[in-house]
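Student: I have a model open and want to read its aromatic pairs and nonpolar cores. Where do we begin?

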Amino acid sequence: MPLTPRSHTRPAPVQPAPAALPDSDAPRRRTGSSQSAAISRSTGSPQRKGFRRRKAIALLASAVSVCLLAASAPAEPLGVGDRLFPYLGNPGYDVASYDLSFTYVRDNSKPLTAVTTIDAWTVTELDRINLDFAHGDVQAVEVDGRPAAFSGAGEDLVVTPDRPLPRGSWMRITVRHTSDPVSPDDRDGGWVRTTDGLAMANQADVAHLVFPCNDHPSDKAMFTIRVTAPDGYTAVANGLPTDVDRAGRTTTWTYRTQHPMATELAQVSIGRSTVLRRSGPHGLPVRDVVPTQDRAALEPWLKKTPAQIAWMEDRVGPYPFETYGILMAAADTGFELETQTLSLFEKDLFTEPAYPKWYVESIMVHELSHQWFGDSVSPRTWSDLWLNEGHATWYEALYAEAKAGRTLDARMKAAYGASDRWRAAGGPPAAPKPPKPGQKIGIFRPNVYDGAALVLYALRQEIGPKAFETLERAWVQQHRDGTATTADFVRLASAVSGRDLGGFLQDWLYAEKTPAMPGHPDWKAVDPAAVPVK
């Protein structure tokens, strides 16, 4: 994926598309892609980046018609005003870093003991601090080292410090809590229980089932993650290891990211695992996490990663992070997920003989390409999801063409035929319909996978391959370690091509019907009304 599901058949309520491309910024896969008919699965400095992120969050906060209530008023859930997830994220502050500590006790059905420390800047005066947190017991909260009152409101943990926090102040929030790996009855995601431990799948909106946070991709932050587990277990997390501390019959592993990360991309693996290490392009550390007993069987797949990284670098530029690798989870999830620097895969994807080799390798490239598109350059809002999934599907398809002769034109022609049906069911690519309650991953539909890749194909047809490649490289370079919107992409495409593409991309991104494909006047979309309802 983000989330990469092997099926996209989740219905959702109707949501009208915008009348025009936005002029300004607003508030995995389930990896779904349809290869040919054979197989179908339904930049700047950290300081500048931090300023841009604070400015973006302040704009989102101002768009929410709420007041940050005085301490005497009842607590209530807030949100940054995301069109698809109105109560996700929180206004009033910008997180700089998370420090997460988890203690695991040999039983993946028992809550973990946890401490979450959040360092953040306030962007407005705060009497209260809303955090997203919905699936654990809170024992105590401190703000700047002093005890603070707290209460629950919807899926928010509302913290009341002993004094108001002025705008532009630095604050540290420490929450002592449990983290429950057993999913609520009406929610999936967060912790994923494997046959020998745990992993994480937080997309799109469930990191706050694991730890208190500002759970929206517009607020990226640095992460330090500590995991304590009994002897016989190995813990791995995003980023690079900084410490291993053995005490008695337990070991504590510490990992730290070197680039900011969205909460939905956090990853922690705890299991009876082996960590395999190799070098990627330019000496990049590549580490994979596999069930120890499956090490030999999985090695033929894992050794393909360095060449796949080099293939992507040839097309879009240098790999954007400090490390990469694959986490092979012995779990039944139905998807793969591009958690930052350590992509989550079901082990069965690599051991099930029904999946052709070319198909598996193209899915590996899909999740790898998300490290550029979705992880390094994250969506400002969830309506910008097509920028993640469309690009990952695009490079997945190009790889299948290059390595297995599965032509891009054939795949895009098939997508064109289905595009009106996808738009009717899930909305146009840049205005996806909201998910049903309890089905938050319902936004991962074909319209934001092959439907969005079709937009990129049309754009390449319109501006030519050379300008398109220049655009792709400029996109990931200019927005590295930040967030970006659909409007940003349209502006950059116009600048690179030397002409205004707003009108052209308006229909491709927001229209109810698929526009005519440049260079292929014979391509026809199937009328959704002509398709029998199953």
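Tutor: Begin with two rings: Phe373 and Tyr395 are both buried, meaning under 20% relative accessible area with a 1.4 Å probe and protein chains only. This is a predicted model, where local features need pLDDT of at least 70, side-chain atom pairs need 80 or more, and totals for chains, interfaces and linings use all residues. Residues are numbered from 1 along each chain as its sequence is written, and side-chain values use heavy atoms, without hydrogens and water.

Student: How is a ring pair described?

Tutor: A pair of aromatic rings is described by the distance of the centres and the angle of the planes. Rings of Phe, Tyr and Trp (its six-membered ring) pair if their centres lie within 6.5 Å; planes under 30 degrees apart are stacked, over 60 edge-to-face, the rest tilted. The count here is 24 aromatic pairs. Tyr98 and Phe211 are edge-to-face, at 5.9 Å and 75°.

Student: Which parts does the pair of Tyr98 and Phe211 tie together?

Tutor: Tyr98 is in strand β2 and Phe211 in the loop between β11 (197-201) and β12 (222-230), so the pair links parts 113 residues apart in sequence. Strands here are DSSP runs (E, at least two residues), numbered from the N terminus.

Student: Which residues touch the most other members of the largest nonpolar core?

Tutor: In soluble globular proteins, nonpolar side chains tend to be buried together. A nonpolar core is a set of buried Ala, Val, Leu, Ile, Met, Phe, Trp, Tyr and Cys residues joined through side-chain atoms within 4.5 Å. The largest has 58 residues; Tyr98, Phe102, Ile129, Leu131, Phe211 and Val268 touch the most other members. Strand β2 (residues 93-103) gives the most, with five residues.

Definitions and conventions:
Buried < 20%, exposed > 50% of the residue type's maximum accessible area, 1.4 Å probe, protein only. Helix = DSSP H or I, 4+ residues; strand = E, 2+ residues; numbered from the N terminus.
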